[in-house]
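Thanks for making the time this morning. I would like to walk you through one structure, and I will try to keep each statement tied to what can be read from the coordinates.

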Amino acid sequence: APPAPRGADLAEPYLSGHLASLGLAVEYVRAEGNTLYHLDDDGAEVAVLDLVGGFGATILGHNHPEIVSRAKDLLDRNAPVFAQFSLHPYAHDVARTLNAIVRRESGDPEPYLAIFANSGAEAIEAAVKHAELDRVLKVAELTEAIEAETEAVRAASGRGTVAVPDDVRERLGLRPPAAGAAGGTTDGVAGGTEGGTTDRVSGGTEDGATDGVAGGTRDGATDGVAGGTRDDAVAVPVDALAEAVLTANSALAQSPPVLLALEGSFHGKLVGSVQLTHNAAFREPFGALAARCRFVPFGRPEALDEIVAAERRTLFGLAVEDGRVRLTEHELPVFCAFVLEPVQGEGGIRPLDEEFARRIRETCDAIGCPVVVDEIQSGMGRTGTFLASSALGLRGDYYALGKSLGGGIAKAAVTLVRESRYRARFEMAHSSTFAKDGFSTLIAARTLELLEADGGGAYRRAEERGRQLTATLDAVHRDFPDVVKEVRGRGLMVGLELHDPSGSPDPGIREHALSGTFGYAASGYLLRAHAVRIFPTASAPTTLRFAPSVYLTDAEIDHAGAALRGLCAVLRAHDGARLLGS
Ligand code: F0G
């Protein structure tokens, strides 16, 4: 390992080194609206246009006066911040407001119940954890229903033997009748039980001493017994049969959950959520710590169908028809959750298309898999509606919100769970010291008030400011098609993708391209030369991301446009020295 950097830095000291090498080692001392200030060598404030927007946490800008005033008021009147396990009426208020918004945007009256959290990753993990509780309870309910079926067969057989066709025995792994015993009496056909002398059920014959197996002589239809013929059934002690069903099912019923997510997804970096984050560098070292996720290629519903077909499992149940045992099949809930972003953020600002969203919803409905809509980055009005999924017509069973929920001041996140899926016992099984605290929850309430004010003026602003910003970036794209690959996004969640510069004649640019830091090098240039703060997305390092507040001004948009033109000119000239400030 390299020696630890010298100096006073003990908090992630290597990160400081990276920031320095990228020209991003700046300490900001004040923040307001879309501006961050640092000090120059003479101690004078230098304003920087902040288009990173607190990674999306400042939809209302830095230190919005109304949020600051609410925060001061709470502190001035010594409002309780941590009074856990007591009534939190303001949390109900936030949940009620969120419900009213979801209902307005989706048109669906079913309520959602709220579980509060401290960060986005935690809200995702709460959703997945709740979905897993729901899944294991559903597996238990299914197992009970199957036991009831078995019990009914037991009762019908008078607890003696039942006629079990060959194919049923095969599927349950019951030992076949001894060779050469055709038509005759065979011993011990019931796998695993000894001494159970049973008679071959002479289905087609009239004389059949069928040992209490009724209906063996009826002609024709085999009532769902695949491949069964009239004379292939064997009398098996019902207990042995029940045991075989239990054995076949129990291994399956303990199948680990399968999580689904999209390629390019980002859902957090905690132990559970990082397994839903597609970027291998973030995820792979930690694979053994959490449940497996299958990643569905973006925009390819047929790949989802293949994954579902490969992962689907069914449990056996029993029924008796015409005196013969038949296997029933029950879909095992193996799919814990499909977690997705309506507009992928870290994956490079990629909006889901409506048709793909519809196919995902349909497939999840068919397999009983809940859809967790991660609105942590796209929600809170950023894309022009409170939920980006509303514009797609995508309904979630869960929603996760974070980032701007805390108004740019507090850390707050929340998971919404559709009432019909909600498990009351989760509330006693899950908690956090800090979640739902008085301060962050009341700040969240004020934030929602400000967003909803004036008939949702903030959403209209996000849409309109986003359109202006995108038009400016589109113009840069038109003038620099050799540098800019694409501009895309929704509202104030905008990405500008640069062409891959790994073929650049400049060795410095090439090196950054190959190490995945090219976007950050561009950030360093924009900060140094244009006093603009823009970062690439984490998993698509050539896409610059814009997430400013709804108060973005025309002047700020012009400033952004001029800065990007500067960047494009440097890149067009392959001017590594200017880009890297060397
Ligand atoms: N989900 C999405 C869609 C996110 O963009 C993020 C964070 C998270 C979950 C995790 O939230 O950081 O509060 O735990 N995205 C950050 C970003 C890292 O850069 O946009 P968290």
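How many disulfides does a search of the whole structure find? The answer is zero, and I should say at once that we are looking at a predicted model. The cysteine to look at here is Cys-369, whose closest cysteine sulfur belongs to Cys-364 at 4.2 Å, and that is too far for a bond because a disulfide needs the two sulfur atoms within 2.5 Å. Cys-369 counts as buried, with a relative accessibility of 0%, and Cys-568 is also classed as buried, at 1%.

Let me step back to the chain as a whole. The protein chain has 582 residues, of which 51% are buried, and its secondary structure consists of 17 helices and 21 strands. If we take the contacts between residues at least 6 apart in sequence, 71% of them join residues at least 24 apart. The accessible surface comes to about 25500 Å², and carbon and sulfur atoms account for 54% of that area.

Now to the charged side chains. The structure holds 44 salt bridges, and I have picked three of them.

The first on my list pairs Arg-294 with Glu-311, where the closest N and O atoms are 2.7 Å apart. Arg-294 sits in strand 8 while Glu-311 belongs to helix 9, residues 301–311, so this pair ties together parts that are 17 residues apart in sequence. As for their surroundings, Arg-294 is partly exposed at 26% relative accessibility, whereas Glu-311 is buried at 8%.

The next pair is Glu-331 and Arg-312, whose side chains meet in a salt bridge with an N to O distance of 2.8 Å. Here too distant parts of the chain are linked, since Glu-331 lies in strand 10 and Arg-312 in the loop between helix 9 and strand 9, 19 residues apart. Both ends of this bridge are partly exposed, with Glu-331 at 30% relative accessible area and Arg-312 at 38%.

The last of the three joins Arg-361 to Asp-397, with the closest N and O atoms 2.9 Å apart. Arg-361 is in helix 10, residues 354–367, and Asp-397 is in the loop between helix 11 (388–392) and strand 15 (398–401), so the bridge ties together parts that are 36 residues apart in sequence. In this case Arg-361 and Asp-397 are both buried. The two also belong to one network, built from salt bridges that share partners, and among its other members are Asp-108, Glu-110, Asp-134, Lys-138, Arg-418 and Arg-423.

Let me turn from charges to packing, starting with helix 7. Does the length of this helix agree or disagree with what its residue count would suggest? Helix 7 runs over residues 238–253, and its 16 residues should span 22 Å at 1.5 Å a residue, which agrees with the 22 Å that separate its end C-alpha atoms. Its buried residues are Val-238, Ala-240, Leu-241, Ala-242, Ala-244, Val-245 and Asn-249. These buried residues pack against several elements, including helix 5 (120–156), helix 6 (166–172), strand 9 (314–321) and strand 10 (324–331), and strand 10 is where we met Glu-331 a moment ago.

Further along the chain, His-512 lies in helix 14, residues 507–515. With a relative accessible area of 18%, His-512 is buried, because the cut-off for that class is under 20%. Leaving aside residues up to four places away in sequence, His-512 touches Leu-22, Thr-517, Phe-518, Ala-521 and Leu-580.

Ala-562 is found in helix 16, residues 554–572, and is partly exposed at 45% relative accessibility. The C-alpha atoms of Ala-562 and Leu-473 are separated by 9.9 Å, although these residues are 89 places apart along the chain.

I will finish on the surface. Which residues form a nonpolar patch there? They are Val-271, Phe-286 and Leu-289, which together have about 280 Å² of accessible area. Leu-289 lies in the loop between helix 8 (280–283) and strand 8 (293–296), and at 55% relative accessibility this leucine counts as exposed. Strand 8, which follows that loop, is also the strand that holds Arg-294, and that brings us back to the salt bridge with Glu-311.

Key: Residues are numbered from 1 along each chain as its sequence is written. This is a predicted model: local features need pLDDT of at least 70, side-chain atom pairs count only at pLDDT 80 or more; totals for chains, interfaces and linings use all residues. Side-chain values use heavy atoms; hydrogens and water are left out. Patches are made of residues with over 30% relative accessible area and no salt bridge: like charges are joined within 9 Å, nonpolar side chains (Val, Leu, Ile, Met, Phe, Trp, Tyr) within 5 Å. Accessible areas come from the Shrake-Rupley method with a 1.4 Å probe; for residues, only the protein chains shown count as cover. A salt bridge is a side-chain nitrogen of Lys or Arg within 4 Å of a carboxyl oxygen of Asp or Glu. Helices (H or I, at least four residues) and strands (E, at least two) are DSSP runs, numbered from the N terminus. Buried means under 20% relative accessible area, exposed over 50%, partly exposed in between (1.4 Å probe, protein chains only). The expected span of a helix is 1.5 Å times one less than its number of residues. Contact means heavy atoms within 4.5 Å.
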